[in-house]
Amino acid sequence: MAAEDMHVTLEFGGGAELLFDNIKKHDVTLPETKEKWTIKSLLVWIKDNLLKERPELFLQGDSVRPGILVLVNDADWELLGQLNYEVKEKDSILFISTLHGG
């Protein structure tokens with residue numbers, strides 16, 4: 001079943017925005033695909049289209065690095081199925097880094 005173009009808001013905070021040209025909020029249109037969009041496929045899209053530097057500080061394997069909180073519509077993604085969460089039209093997905101240098 002094909003998914004149509006989808007509009008979502010991606011936000012980066014707690015220092016994660018530094019990896020994305022210091023832009024905290026991105027309103028994006030995800031292209032139509034044969035498969036439904038999940039957080040896992042969204043992370044690949046983010047890496048290919050938004051991430052500007054040091055992907056190792058944002059991604060580890062096929063997920064976000066430990067220390068990055070992910071909220072989908074203000075709910076912890078751990079309650080929603082994490083990587084398997086099916087992204088929906090108008091979702092707001094927030095990535096917050098809890099790691100701080102010192």
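## Strand pairing and buried residues in a predicted model

Strand 1 is mostly covered, with 6 of its 8 residues buried; buried means under 20% relative accessible area, exposed over 50%, and partly exposed in between (1.4 Å probe, protein chains only). The model is a predicted one, in which local features need pLDDT of at least 70 and side-chain atom pairs count only at pLDDT 80 or more, while totals for chains, interfaces and linings use all residues. Residues are numbered from 1 along each chain as its sequence is written, and side-chain values use heavy atoms, with hydrogens and water left out.

### Overall dimensions and composition

The protein has 1 helix and 7 strands, arranged from the N terminus as β-β-α-β-β-β-β-β. Helices (H or I, at least four residues) and strands (E, at least two) are DSSP runs, numbered from the N terminus.

For 102 residues, a compact globule would have a radius of gyration near 13 Å, and the protein agrees with this at 13 Å. The radius is taken over C-alpha atoms, and the globule rule is 2.2 Å times the number of residues to the power 0.38. The C-alpha trace spans about 50 × 30 × 25 Å along its principal axes.

Of the 102 residues, 36% count as buried. The accessible surface comes to about 6200 Å², and carbon and sulfur atoms hold 50% of it; these areas come from the Shrake-Rupley method with a 1.4 Å probe, and for residues only the protein chains shown count as cover. Among contacts with a separation of 6 or more, 60% are between residues 24 or more positions apart, where contact means heavy atoms within 4.5 Å.

The protein carries 11 positive and 18 negative charges, and the mean positions of the two sets are 3 Å apart. Lys and Arg count as positive and Asp and Glu as negative, while His and the chain ends are not counted. Each charge is placed at NZ of Lys, CZ of Arg, CG of Asp or CD of Glu.

### The sheet

An open sheet is formed by 5 strands in the order 2-1-7-5-6, with mixed pairing. Strand 2 (25-30) and strand 6 (75-76) are at the edges with a single partner strand each, so one side of each is left without a neighbour in the sheet. Two strands pair if DSSP finds at least two bridges between them. Strands of a sheet pair through backbone hydrogen bonds, either parallel or antiparallel.

Strand 1 (residues 6-13) runs parallel to strand 7 (residues 92-97), and 5 bridges join them. Strand 1 is also joined to strand 2 by 6 bridges, in antiparallel orientation. On the other pairing of strand 7, strand 5 (residues 68-72) runs antiparallel to it with 5 bridges. Individual partners are listed below.

| Residue | Partner | Strand of the partner |
|---|---|---|
| His-7 | Thr-29 | strand 2 |
| Val-8 | Val-28 | strand 2 |
| Glu-11 | Leu-94 | strand 7 |
| Gly-13 | Ile-96 | strand 7 |
| Val-72 | Ile-93 | strand 7 |

Side chains alternate along strand 2: His-26, Val-28 and Leu-30 are buried and point to one face, whereas Lys-25, Asp-27 and Thr-29 point to the other and are not buried. Strand 7 also alternates, with Ile-93, Phe-95 and Ser-97 buried on one face and Ser-92, Leu-94 and Ile-96 on the other, not buried.

### Three buried residues

Phe-20 lies in the loop between strand 1 and strand 2 and counts as buried because its relative accessibility is 1%. Not counting residues up to four places away in sequence, Phe-20 touches Phe-12, His-26, Ile-46, Leu-50, Leu-51, Lys-52 and Phe-58. The C-alpha atoms of Phe-20 and Lys-40 are separated by 18 Å, with their positions 20 residues apart along the chain.

Trp-77 is found in the loop between strand 6 and strand 7, and it is buried with a relative accessible area of 7%. Leaving out residues up to four places away in sequence, the contacts of Trp-77 are Ile-39, Ser-63, Val-64, Val-70, Val-72, Gln-82 and Leu-83. The C-alpha atoms of Trp-77 and Gly-61, which are 16 residues apart along the chain, are separated by 17 Å.

Ser-63 belongs to strand 4 (residues 63-64) and is buried, at a relative accessible area of 15%. Apart from neighbours within four places in sequence, Ser-63 is in contact with Leu-43, Phe-58, Trp-77 and Leu-83.
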